Amino acid sequence: MSKEASSENVLGLKFDQCVSDLMIKTATGLGLGIIFSVTLFKRRPWPVAFGIGAGLGMAYSNCQNEFKHPLQAPGRYVKVERKEST
């Protein structure tokens, strides 16, 4: 992002990322739930509901983390050593 980006644009980008993450994780949970329901659990509906719920939960957690911790830079300490002059 550029330094001149307004706060509305930054907020809009984060919201768009959250919505796309929500759709991807929910669709993945739905797909895996259907696969497990058909193959392992004799077409029971609970694996589908569990998959959707897990996708929604992961997307919500990622979105909450994105809005609470806006800086993406990892916190690392860099040890700087001085050269000794001879």
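**View 1. One disulfide turns up in a search of the whole structure.** Here a disulfide means a pair of cysteine sulfur atoms within 2.5 Å. Cys-18 and Cys-63 are the partners, with an S to S distance of 2.2 Å. They tie together distant parts of the chain, 45 residues apart: Cys-18 sits in helix 1 (residues 7-39) and Cys-63 in helix 2 (residues 46-68). Helices are DSSP runs of H or I with at least four residues, strands are runs of E with at least two, and both are numbered from the N terminus. The torsion about the S-S bond of Cys-18 and Cys-63 is about 100°, so this disulfide is right-handed. Cys-18 is buried at 10% relative accessibility, and Cys-63 is buried at 17%. In these legends, buried stands for under 20% relative accessible area, exposed for over 50%, and partly exposed for anything in between, using a 1.4 Å probe and protein chains only.

A word on what you are looking at: this is a predicted model, in which local features need pLDDT of at least 70 and side-chain atom pairs count only at pLDDT 80 or more, while totals for chains, interfaces and linings use all residues. Residues are numbered from 1 along each chain as its sequence is written, and side-chain values use heavy atoms, with hydrogens and water left out.

**View 2. Ser-61 and Cys-18 bring two stretches of the chain into one frame.** The two residues are 43 residues apart along the chain, and their C-alpha atoms are separated by 9.9 Å. Ser-61 belongs to helix 2. With a relative accessible area of 40%, Ser-61 is partly exposed, whereas Cys-18 is buried.

**View 3. The structure's one salt bridge joins Lys-25 to Asp-21.** The term covers a side-chain nitrogen of Lys or Arg within 4 Å of a carboxyl oxygen of Asp or Glu. In this pair the closest N and O atoms are 2.8 Å apart. Lys-25 and Asp-21 are four residues apart in helix 1, and therefore about one helical turn separates them. Have a look at the accessibility of each partner too: Lys-25 is partly exposed at 22%, while Asp-21 counts as buried at 18%.

**View 4. Residues 22-41 carry a "transmembrane region" annotation in UniProt.** The annotation comes from an unreviewed entry; UniProt positions follow the numbering used here, feature names are shortened, and annotations may be inferred rather than shown by experiment. In the model this span is 90% helix and 0% strand, and its end C-alpha atoms lie 26 Å apart. Leu-30, a residue of helix 1, is partly exposed, with a relative accessible area of 34%. Between Leu-30 and Ala-54 the C-alpha to C-alpha distance is 9.4 Å, although 24 residues separate them in sequence.

**View 5. Phe-41 and Trp-46 make up an aromatic pair, and the structure holds one such pair.** The rings are tilted, at 4.7 Å centre to centre with 55° between their planes. Rings of Phe, Tyr and Trp (its six-membered ring) count as a pair if their centres lie within 6.5 Å; planes under 30 degrees apart are called stacked, those over 60 edge-to-face, and the rest tilted. Phe-41 is partly exposed at 32% relative accessibility. Trp-46, found in helix 2, is partly exposed as well, at 48%.

**View 6. A nonpolar patch on the surface takes in both Phe-41 and Trp-46.** Its other members are Leu-32, Ile-35, Phe-36, Leu-40 and Phe-50, and together the residues of the patch offer about 740 Å² of accessible area. Such areas come from the Shrake-Rupley method with a 1.4 Å probe, and for residues only the protein chains shown count as cover. Patches are built from residues with over 30% relative accessible area and no salt bridge, joining like charges within 9 Å and nonpolar side chains (Val, Leu, Ile, Met, Phe, Trp, Tyr) within 5 Å. Helix 1 and helix 2 each supply at least two residues, and helix 1 gives the most, with three.

**View 7. Lys-42 and Arg-43 have positive phi values.** For context, most residues other than glycine have a negative phi. Lys-42 has a phi near 50°, and Arg-43 one of about 60°. Lys-42 lies in the loop between helix 1 and helix 2, and Arg-43 is found in that loop too. Lys-42 is exposed at 70% relative accessibility, and Arg-43 is exposed at 65%.
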